[in-house]
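Here's a quick briefing to read alongside the structure. Have the viewer open and follow the topics one by one.

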Amino acid sequence: MTNKLIIITGSSNGLGKESAFDLLNHNAKIIFACRSEERTMKVINTLPENLRKNATFMKLDISSFKSIINFVKEIKQKYNKIDILMNNAGSMPINFVWTEDDYDSYFISLYLGPFLLTTLLMNHMNNDGDSKIINLSSAMHFWPQLEKGDIQKYKNKDYMKDFYKNSTATKLYNNTKLFIIYMTQYFAKLCEKNNMKIKNVCLHPGLVKSDFFEKVSRSNYFASIGKNILYHLINLVSKTPVEGSQTQLYLSYAKNEELINGGYYADCKISKPGKKARDNDLRNEVINWTVDELKNKFKDEEDIQNLEYIEKL
């Protein structure tokens, strides 16, 4: 990975951090694209000098369109080309927050934000046949709560607020992980159509030990009741962050000709996604809505490039 420039969102902890450390040990240059400079620099400063010199913090709040746009502008000013974009950042929806962009904050951070970031960086990636976009999905996409016409409601504040009632925030999480698969399939088609030699892949990391259940239990009485039982059960079957990062690392190191464009991977191999991930009509509806949303959002912003790349399916 010598001289490969890699952006990893959400790399100050968990899977992103472990991926960054491993790639740094193989001579990559890593952009730690994170919200908190203080927390991220603490992570970077734990590295030995020979690795630390290849680690750079750049501020990115993936739940804010303004932050994403500023981040992309800075990337294009400082670097000629990007080799790998790893859309890793994300968390479980806990508290409802309606943002200045007029969307739910978790909906942006888990889907719309990565979609916009990918769009704006498309023409700044190497077209040497070895560049790739790696998106973190989840097996939770097998259990979405999504029917035709539902995506149109994601601009409705009251509709989105309902996801946070009665323990259903996990449904929003599941849906966005389905959207990430749709996004991966879409950009794979887009790259092929525009003769871009960029592979687009997504993955399920496995059940990884994290502070997820602790956060959920603090916000939900029913979750707290079952927390102790679930905690012991999950510890028996879950992976450490190092183990959980192996599939995204496999995808990072693999030659592009070894990967299936638009593919969904688990345990370092291609895997069959869920039924709704194979529903092309539903995918097209979600993607077309997303394209319309972003193009309408920035139709008067002349300095936001690359929106011409995205088009309806």
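**Helix α5 and what surrounds it**

At the start of α5, D104 puts a side-chain oxygen within 3.2 Å of the backbone nitrogen of Y106. Keep in mind that this is a predicted model; the protein chain has a mean pLDDT of 90, with 89% of its residues at 70 or more. Most of what follows is about α5, the sheet and the loop between α5 and β5.

**More on α5**

- The helix covers residues 105-121 and has a kink of about 45 degrees at L112, shortly before the proline P114.
- Why can we call α5 largely enclosed by the rest of the structure? Buried here means under 20% relative accessible area, and 17 of the 17 residues of α5 are buried, so the rest of the structure largely encloses this helix.

**The sheet**

- Eight strands make up an open sheet with mixed pairing, and if you walk across you'll meet them in the order β3-β2-β1-β4-β5-β6-β7-β8.
- The edges belong to β3 (55-59) and β8 (269-271); each has a single partner strand, so one side of each goes without a neighbour in the sheet.
- From one strand to the next, the twist averages 30 degrees.
- Over at β3, the pairing with β2 (residues 29-34) is parallel and runs over five bridges. To pick out a bridge there, look at C34, whose partner in β3 is K59.

**Helices on the sheet**

- α5 packs on the sheet and touches β1 (5-9), β4 (84-87) and β5 (131-136). Its direction makes about 170 degrees with that of β4.
- α11 (residues 246-253) lies across β4, β5, β6 (198-204) and β7 (264-266). Relative to β5, α11 runs at about 165 degrees.

**H124, in the loop after α5**

- Is H124 buried or exposed? This histidine sits in the loop between α5 and β5, and its relative accessibility is 9%, so it counts as buried.
- The H124 side chain reaches the backbone oxygen of Y79 at 2.5 Å.
- Leaving out residues up to four places away in sequence, H124 touches I75, K76, Y79, N80, K81 and I82.

**Where to be careful**

- Which residues have pLDDT under 50? Residues 215-219 are one such stretch, and the model gives them eight contacts beyond four places in sequence.
- Residues 221-225 are also below 50, with three contacts in the model beyond near neighbours in sequence.

Key:
Residues numbered from 1 in each chain as written. Predicted model: local features only at pLDDT ≥ 70, side-chain atom pairs only at ≥ 80, totals over all residues. Heavy atoms only, no water. Bend = angle between axes of the 7 residues up to and from the residue. Helix = DSSP H or I, 4+ residues; strand = E, 2+ residues; numbered from the N terminus. Buried < 20%, exposed > 50% of the residue type's maximum accessible area, 1.4 Å probe, protein only. Polar contact = N/O pair within 3.5 Å; in protein donor to acceptor, adjacent residues only side chain to side chain. Pairing = 2+ DSSP bridges. Axes fitted to C-alpha atoms, helices over the stretch in contact; angles between N-to-C directions. Contact = heavy atoms within 4.5 Å. pLDDT = per-residue confidence, 0-100.
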